[in-house]
Amino acid sequence: MDKRYIKQLDETISILGYGGMRFPKHEDDSLNFEAAEALLKKAYNMGVNYFDTAVVYHKGDSEKVFARAFQGIDRSTYMLADKMSIWVCETEEDMKALFYRQLETLNTDYIDFYLLHSMNRHHFAKAKEFHTVEFLQEMKRQGKIKHLGFSFHDTEPVLKQILDEYQWDFVQLQLNYLDWKAMHANRLYQMLEERNLPCMVMEPVRGGYLANLNEECAAPLKALDSSASLASWAVRFVASLPNVAVVLSGMSDEEQVDDNCATFTNFKPLTAQEQKTIAAVTDELCKLNDIPCTGCRYCMDCPQGVDIPEIFSIYSQYRVFGNAQRFVNSMESAEKNGFGPSLCVNCGACASQCPQQIAIPEKLAYIQDLCQQEKEKLAKEENAKTNA
């Protein structure tokens with residue numbers, strides 16, 4: 001496993017980091033502790049030394065599985081990243097209590113990389129109200145935090161504001177070759193470069209989207225190397241950026257661990273030809289993907305029961321693969337099982353939590369209308385066949 005020495009941090013970090021948001025789950029949606037623990041140990045044994053979690057991942061169980069997996073292992077051989085999810089705190093005291101609880105849950109005296117979680121204009125305002133950065137800076141002085149940063153989901157002016165108001169050690173951005181162009185993530189990355197702040201990368205495969213391209217979009221990449229996975233192109237793209245310290249991947253099975261570890265062993269940055277090919281693929285994807293959902297589930301739980309990421313996933317598959325019958329069947333199943341878009345009452349609670357700033361109620365209504373249109377088209381086609 002290749003590692004990089006990050007001078008600004010005086011740390012040697014594996015290029016691949018393990019994100020704790022997409023562990024295997026049981027049928028009842030609970031975290032499969034045994035499977036998750038095995039994956040973490042496998043990654044550690046293959047050379048991964050950067051592990052990222054948060055209190056809101058897997059309903060709080062993500063932090064617990066990290067503690068279990070690393071019990072008895074030399075603390076100096078791995079790095080933990082955890083986050084202050086400010087939206088779960090009602091008061092300043094809640095915020096402080098959460099931090100101490102995280103140390104206890106992780107069974108550690110310190111956290112290597114601590115982040116203000118999912119900073120946007122609203123979360124940052126709340127963090128300021130609770131004097132969160134000042135508290136975390138004190139924790140850093142006491143040795144309970146080694147490096148202090150934040151993860152970010154908003155616009156360039158908001159990023160500039162946060163960067164200007166406090167001193168930071170690093171920043172975590174959503175970077176992948178689709179967002180590089182479609183969401184202007186290149187500009188955010190450039191702001192970190194200009195400030196000499198190491199960049200931690202999240203969502204390098206866009207929530208799995210870039211690992212499941214349709215045949216037409218995937219063909220140019222397969223032509224370059226038929227043995228390379230689609231996911232490997234995505235992680236190589238971000239890892240080739242000079243200011244990237246670590247690339248996080250939420251690996252949910254052994255195949256993903258093996259593939260990512262292989263990519264980051266004797267790592268090869270993208271060539272000029274490969275960059276050109278990915279740019280062409282990106283152009284095609286921009287024509288298809290008009291709802292930039294990553295499946296992070298920050299919008300959940302919906303008070304009415306709508307499974308927003310699942311509805312967007314169904315829509316995305318339809319846009320990419322073009323199977324109208326499967327789209328209609330999946331939407332009807334969602335409605336039948338009580339999580340379809342018709343339940344939306346346009347309360348807007350989801351949109352305020354969306355890192356991608358998606359107008360969720362509006363998109364749900366659009367998808368519902370689109371489903372009805374496709375259903376009517378399919379019915380007409382079936383009638384035409386019957387009457388032929």
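## Surface and charge

In this predicted model, the accessible surface of the chain amounts to about 17600 Å². Carbon and sulfur atoms contribute 47% of that surface.

The charged side chains comprise 40 positive and 55 negative groups. The centres of these two sets are separated by 3 Å.

## Overall dimensions and fold

The chain contains 388 residues, and its radius of gyration is 21 Å. A compact globule with 388 residues would be expected to have a value near 21 Å, so the chain agrees with that expectation. Along the principal axes, the C-alpha trace extends over about 80 × 50 × 45 Å.

The secondary structure consists of 16 helices and ten strands. Among contacts in the chain with a separation of 6 or more, 76% join residues that are 24 or more positions apart.

## Burial

Of the 388 residues, 52% are classed as buried. The criterion for this class is a relative accessible area under 20%.

## Arginine 101

Arginine 101 is located in helix H3, which covers residues 92-106. The relative accessible area of arginine 101 is 45%. Residues between the buried limit of 20% and the exposed limit of 50% count as partly exposed, and arginine 101 is therefore partly exposed.

Valine 55 and arginine 101 are 46 residues apart along the chain. In space, the C-alpha atoms of arginine 101 and valine 55 are separated by 9.7 Å.

Conventions
Residues are numbered from 1 along each chain as its sequence is written. This is a predicted model: local features need pLDDT of at least 70, side-chain atom pairs count only at pLDDT 80 or more; totals for chains, interfaces and linings use all residues. Side-chain values use heavy atoms; hydrogens and water are left out. Helices (H or I, at least four residues) and strands (E, at least two) are DSSP runs, numbered from the N terminus. The radius of gyration is taken over C-alpha atoms; the globule rule is 2.2 Å times the number of residues to the power 0.38. Buried means under 20% relative accessible area, exposed over 50%, partly exposed in between (1.4 Å probe, protein chains only). Contact means heavy atoms within 4.5 Å. Accessible areas come from the Shrake-Rupley method with a 1.4 Å probe; for residues, only the protein chains shown count as cover. Lys and Arg count as positive and Asp and Glu as negative; His and the chain ends are not counted. The place of a charge is taken as NZ of Lys, CZ of Arg, CG of Asp or CD of Glu.
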